[in-house]
Amino acid sequence: MSDGPADPPLLAAERVTRTLPEGVTLVADISLRFARGEFVAITGPSGSGKSSLLYLLGLLDRPTEGRILLEGRDTAELDAEELAALRLARLGFVFQFHFLLPEFSSLDNVLIPIRRLGRLDAAAARAQAMRLLGALGLDAAATKLPEQLSGGMRQRVAIARALANDPALILADEPTGNLDTKNAAAVFDIFERLVREEGRTVIVVTHDPDLARRCSRRVHLVDGRVVSDGPASG
Amino acid sequence: MRLLLDLARGMLARRRRQTLVSVFGVALGVAFFIAIAALMRGFQTYFISQIIDVAPHITIKDEMRDPPPQAAALAHPEGAVAIAGVRPQDRVRGIRAAGDKLAMLEAMEGVAAAPVLTGQALLRYGSRDVSVTIVGIDPVRHARVSNIQKDMTHGRIEDLRATANGLIIGEALAQRLGVGLGDTIAAVSPRGVTLSMKVVGLFRTGIQTLDQQQGYALLKVNQVLQDRSNVVNQIQLRLRDVTRAEPLAREIEARFGDRTESWEEQNKNFLTVFVIQNAVMYSVTGAILLVAAFGIYNIISTVVYEKTRDIAILKSLGFTERDIQMLFLVQGIVAGLLGAVLGCVLGAVMIEGLAQVRFGVEAPSGSDRFILARDWRVYLLASGFAVLAAGIAAVIPARRASRLDPVQVVRGAA
């Protein structure tokens, strides 16, 4: 599933720098390429710019210098609405906190991005959401509100929501930060399966070295700069 | 849009109590607006319909709107010497060529016209004297321009012809004089002419000034009483379409030169009072709705504050700024709509409640209850205003929500 030599990478950062208006540089001069089917861990100490890099790669933030290319397309040329449309159709986010809407059931939460994209009719959208919840072992939780679920289940619902529109790229920011070891391992099992069986690209920010080792590649940041980029097991 | 509505519904339902308070605030505003409008408009509509019913729609008078210019001023309009204190030329009062003008007016489509001579007289019965206005009429023509026949409680307008020096007076006037049908009273005009007149009819319009101070006699009889042979000092017109009164009055005045007043001009004072009344009513009820709108602003602001994380996740999922703005705007409008619907029901109930109130005293309208106007347009206006106010109230927090930076929020939550 990885890109051929002539194909553009799924995602590329070219000399990306992000500096806040106050002058603080979050990430500096970062160039990275992510192929289809890669499972990448972004690691580094606190304040090293891991999450900032992830938000830039996920088109939630814009670099002050350099550019982000998604499937060969320069995202700097896109306006806010076009970026939103790309996020909706091509990207899936998982955060440390599940961010499920508390008023809605698990099923409804998963349905939100599907309905927003509007490609499926009501029955097909529901079937898609149920399939995703079922694949993550959440059939019984479909009608439950987030407050009725355990932490691990909520995070799995959040992953199902990230997968709702069948994105090529999953971006996860400390997705296991609020979970115990068992649930954290279960989340990484899901990510592995998504990469291995479905050929998706997963980029995950983590400061847990054990979990990082389960990825195929590890990008290590210090002070907003890439200090190493290679196989995670190394 | 369906998705935004579902999300809005979910968010509002989560804050059921706050939402209900806001909705109830809007509902009260709408209900009071509807009830007060029903009261005010009921009275005003009754009053105006009485005016239109009782008074002619257009009155041509034997006077000019502006005094005729003096000959000297006409001869030297740019003269260096100003002329002042010149007595106006004496002329016989009355509409000139009234017969010709009457014929021209009667030839117009949808216009009925009647000649009238009005004049003061003192009615004397025993030791009682009452000063009144005697209206000299042509009964056949006058029946076409006024509702006097409808307002008559005793006798008929044609009885003026059947009886020598017949007089029709208001019931209240008859009571003041202590006379009844068939009684003969003395009428004395300012010119000193005295006639013995027989009461052949009584009327009641509901307007005290008319019922207490007006009488009708044959035109010829009043011309004798006022010592003004063949003089007509008014031509009264009734129109099929009352809304044409003002433009037609202007047209007639331009054509004949005689001062011509529409019913609107004659009752300008009352109509101005009504405009002021309405302005006060709309201001007060508007203020209630404004307070309700603040309630909506408050709840939407609270929701935006509480839903910061949800807004961030929705944006990360691909919702645009416009989507987020719509989401909260919809919540304001939904609250406004719910309030409007509830307010319309409450307003209708309040109107029916007011309709049950009895004063125990008979009002001029012949009823001892409020005169209420039930107009669906008021419901529409109140609802529209409520939804608009709610929408405007929601705009500011909705814009704030749409501008939230998801990165900042996610960082803060992490």
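The questions and answers below concern a predicted model with chains A and B.

Me: What percentage of the residues in chain A is buried?
Reply: Chain A is built with 7 helices and 10 strands. A residue is taken as buried if 20 or more other C-beta atoms lie within 10 Å of its own. Among the 234 residues of chain A, the buried share comes to 47%.

Me: How many residues of chain A are in contact with chain B, and how is the side of chain B that touches chain A divided?
Reply: Contact here requires C-beta atoms, placed from the backbone, to lie within 7 Å. By that criterion, 20 residues of chain B are in contact with 23 residues of chain A. On chain B, helix 1 (2-14), helix 14 (308-317) and helix 17 (406-413) each supply at least two residues of the side that touches chain A. The residues of that side divide into 5 charged, 4 polar and 11 nonpolar.

Me: Which helix gives the most to the largest nonpolar core?
Reply: This core holds 132 residues, and those that touch the most other members are Ala160(A) together with Val30(B), Ile34(B), Ile296(B), Ile300(B), Ala386(B) and Ala390(B). The greatest contribution to the core, 13 residues, comes from residues 321-355 of chain B, which form helix 15.

Me: Which residues does Ile34(B) touch, not counting those up to four places away in sequence?
Reply: Ile34(B) belongs to the largest nonpolar core, where it is one of the residues that touch the most other members. With residues up to four places away in sequence left out, Ile34(B) touches Cys344(B), Gly347(B), Ile351(B), Val378(B), Tyr379(B) and Ala382(B).

Technical notes. Residues are numbered from 1 along each chain as its sequence is written. Chains are lettered from A and ligands numbered from 1 in the order in which they are written. This is a predicted model: local features need pLDDT of at least 70, side-chain atom pairs count only at pLDDT 80 or more; totals for chains, interfaces and linings use all residues. Helices (H or I, at least four residues) and strands (E, at least two) are DSSP runs, numbered from the N terminus. A residue is buried if 20 or more other C-beta atoms lie within 10 Å of its own, exposed if 12 or fewer, and partly exposed in between; C-beta atoms are placed from the backbone. Two residues are in contact if their C-beta atoms, placed from the backbone, lie within 7 Å. Ala, Val, Leu, Ile, Met, Phe, Trp, Tyr, Cys and Pro count as nonpolar, Asp, Glu, Lys and Arg as charged, and the others, Gly among them, as polar. A nonpolar core is a set of buried Ala, Val, Leu, Ile, Met, Phe, Trp, Tyr and Cys residues joined through C-beta atoms within 7 Å.
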